[in-house]
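Please open the model in a viewer and keep the sequence panel visible. The stops below proceed from the whole chain to individual elements and residues.

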Amino acid sequence: RLGGPWLLGLLTRLLLWGSPGAWASYLRRSSSCMPIPQRMALCYDIGYSEMRIPNLLEHETMTEVIQQSSSWLPLLARECHPDARIFLCSLFAPICLDRLIYPCRSLCEAVKRSCAPVMACYGYPWPEILNCNKFPADHELCIAAVSMDENSSSRRMPRASCKDCELEEASTAREILESLCANDFAVKIRILRKNTTTTISDFDLDPSKVEVLKHGPLLRTEIPARLQQWLDIDATCAHNIMRGTHAGVFVVSGEVQSDKVVVNKAYAWQKRNRNLHQAVRRWKHHRCPEQAG
């Protein structure tokens, strides 16, 4: 789970570096190639096996590299951008070639666009050490983005939520009914995981398994599309709800915020959740307090 202390430690430990040109000249003279150790979870098994020390962030020992790179693991766990790991490893564990290869400025900007808001949730800015203006333009030799550009993709780039959305325990039927009343919409849906091999999991809504309990300000016909949009842009919430499963049925409720829906509550639709089953059966005849009288 993401929290403030890891980012505070990250920002206080990272050092600023000067222009890439000056540091690159120094590295070419002094750096050496070393195997990427398994203890370096950020970059181990990234696709190449050797890295340069010192790296592009001026870390001079493997101990320092492992310590500081581990600070970024919670951010990657939020799945804020599919190329975040590639971008960070190009700096923490630069590939051992005849010359230094920096990440392209566009790669930095794409990762920053999706990941900086997550850091901002906890009051921390994108660190100066990752200032995208320090990296080469795309026409130069550099590491480009692997994922499709978000402007040309039909699928919006996932944006991690500041809220840690988790499955709720179906405590009592009454509490569930009160929760459904407090939210703008409530729907029983089936979610499918499309892949498990990429950095960000892709989720699909099964349109044949959508049961609208409460539509609120939304039209019933637009709910499937709005919930699919939620699955597309809120990777963190969907990932936490699925808990590693490939498919599942859930009762979700939430609020409508301008052009998107936000899920506040999610319950797993399972036989053992008798309180949830009872609440859904009673919902048809239930009158919320503001509707009574």
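## The whole chain

The secondary structure of the protein comprises 10 helices and seven strands. The model is a predicted one. Of the 293 residues, 49% are buried. The accessible surface amounts to about 14700 Å², and carbon and sulfur atoms account for 51% of that area. Among contacts with a separation of 6 or more, 74% link residues 24 or more positions apart.

## The largest nonpolar core

Select Met 40, Phe 87 and Trp 126, the residues with the most contacts inside the largest nonpolar core, a set of 36 residues. Strand 2, helix 3 (62-69), helix 4 (73-77), helix 5 (84-92) and helix 6 (105-121) each contribute at least two residues to this core. Which helix supplies the largest share? Helix 6 does, with seven residues. In soluble globular proteins, nonpolar side chains tend to be buried together.

Now centre on Trp 126. Apart from its neighbours within four places in sequence, Trp 126 is in contact with Phe 87, Val 111, Lys 112, Cys 115, Ala 116, Met 119, Asn 131 and Cys 132.

## Helix 6

Select residues 105-121 next, which form helix 6. Its end C-alpha atoms lie 24 Å apart, in agreement with the 24 Å expected for 17 residues at 1.5 Å a residue. Where does the helix kink? The kink, of about 40°, is at Arg 113, shortly before the proline Pro 117. The buried residues of helix 6 are Leu 107, Cys 108, Ala 110, Val 111, Ser 114, Cys 115, Ala 116, Val 118 and Met 119. Of these, Val 111, Cys 115, Ala 116 and Met 119 appear among the contacts of Trp 126.

## Strand 2 and the loops on either side

Move to Met 51 in strand 2. Is this residue buried or exposed? Met 51 is buried, as its relative accessible area is 0%. Apart from residues up to four places away in sequence, Met 51 touches Ser 32, Cys 33, Met 34, Ile 36, Met 40, Met 62, Val 65, Phe 92, Ala 93, Pro 94 and Cys 96. One of these partners, Pro 94, is 43 residues away along the chain, yet the two C-alpha atoms are separated by 5.2 Å.

Three backbone features may be inspected in the adjoining loops. Most residues other than glycine have a negative phi, and most peptide bonds are trans.

- Asp 45 belongs to the loop between strand 1 (32-35) and strand 2. Its phi is positive, near 65°, and the residue is exposed, with a relative accessible area of 65%.
- Pro 54 lies in the loop between strand 2 (50-53) and helix 3. The peptide bond that joins Ile 53 and Pro 54 is cis, with omega about -5°.
- Glu 58 is placed in the loop between strand 2 and helix 3. This residue has a positive phi of about 70° and is partly exposed, with a relative accessible area of 26%.

## The second core and helix 8

Select Phe 185, Phe 203, Val 212 and Leu 227, which are among the 24 residues of a second, separate core. Leu 227 leads to helix 8 (residues 223-233), of which nine of the 11 residues are buried, so that the helix is largely enclosed by the rest of the structure. The buried residues are Ile 223, Arg 226, Leu 227, Gln 228, Gln 229, Trp 230, Leu 231, Asp 232 and Ile 233.

## Strands 3, 6 and 7

Display strand 6 (residues 247-257), which pairs with strand 3 (residues 185-193) in the antiparallel sense over eight bridges. At Phe 185, the residue standing opposite in strand 6 is Gly 254. Strand 6 is also antiparallel to strand 7 (residues 260-268), and eight bridges join the two. One bridge to show is that between Val 251 and Tyr 267 of strand 7.

Strands 6 and 7 form a hairpin with two residues between them. Ser 258, in the turn, has a positive phi of about 45°.

End at Val 262 in strand 7. Neighbours within four places in sequence aside, Val 262 is in contact with Phe 185, Ser 253, Gly 254, Glu 255 and Gln 257. The C-alpha atoms of Val 262 and Asp 234 are 8.6 Å apart, the two residues being 28 residues apart along the chain.

Definitions and conventions:
Residues numbered from 1 in each chain as written. Predicted model: local features only at pLDDT ≥ 70, side-chain atom pairs only at ≥ 80, totals over all residues. Heavy atoms only, no water. Pairing = 2+ DSSP bridges. Helix = DSSP H or I, 4+ residues; strand = E, 2+ residues; numbered from the N terminus. Buried < 20%, exposed > 50% of the residue type's maximum accessible area, 1.4 Å probe, protein only. Core = buried A, V, L, I, M, F, W, Y, C linked by side-chain atoms within 4.5 Å. Contact = heavy atoms within 4.5 Å. Expected span 1.5 Å × (residues − 1). Bend = angle between axes of the 7 residues up to and from the residue. Areas by Shrake-Rupley, 256 points an atom, 1.4 Å probe, with all protein chains shown as cover.
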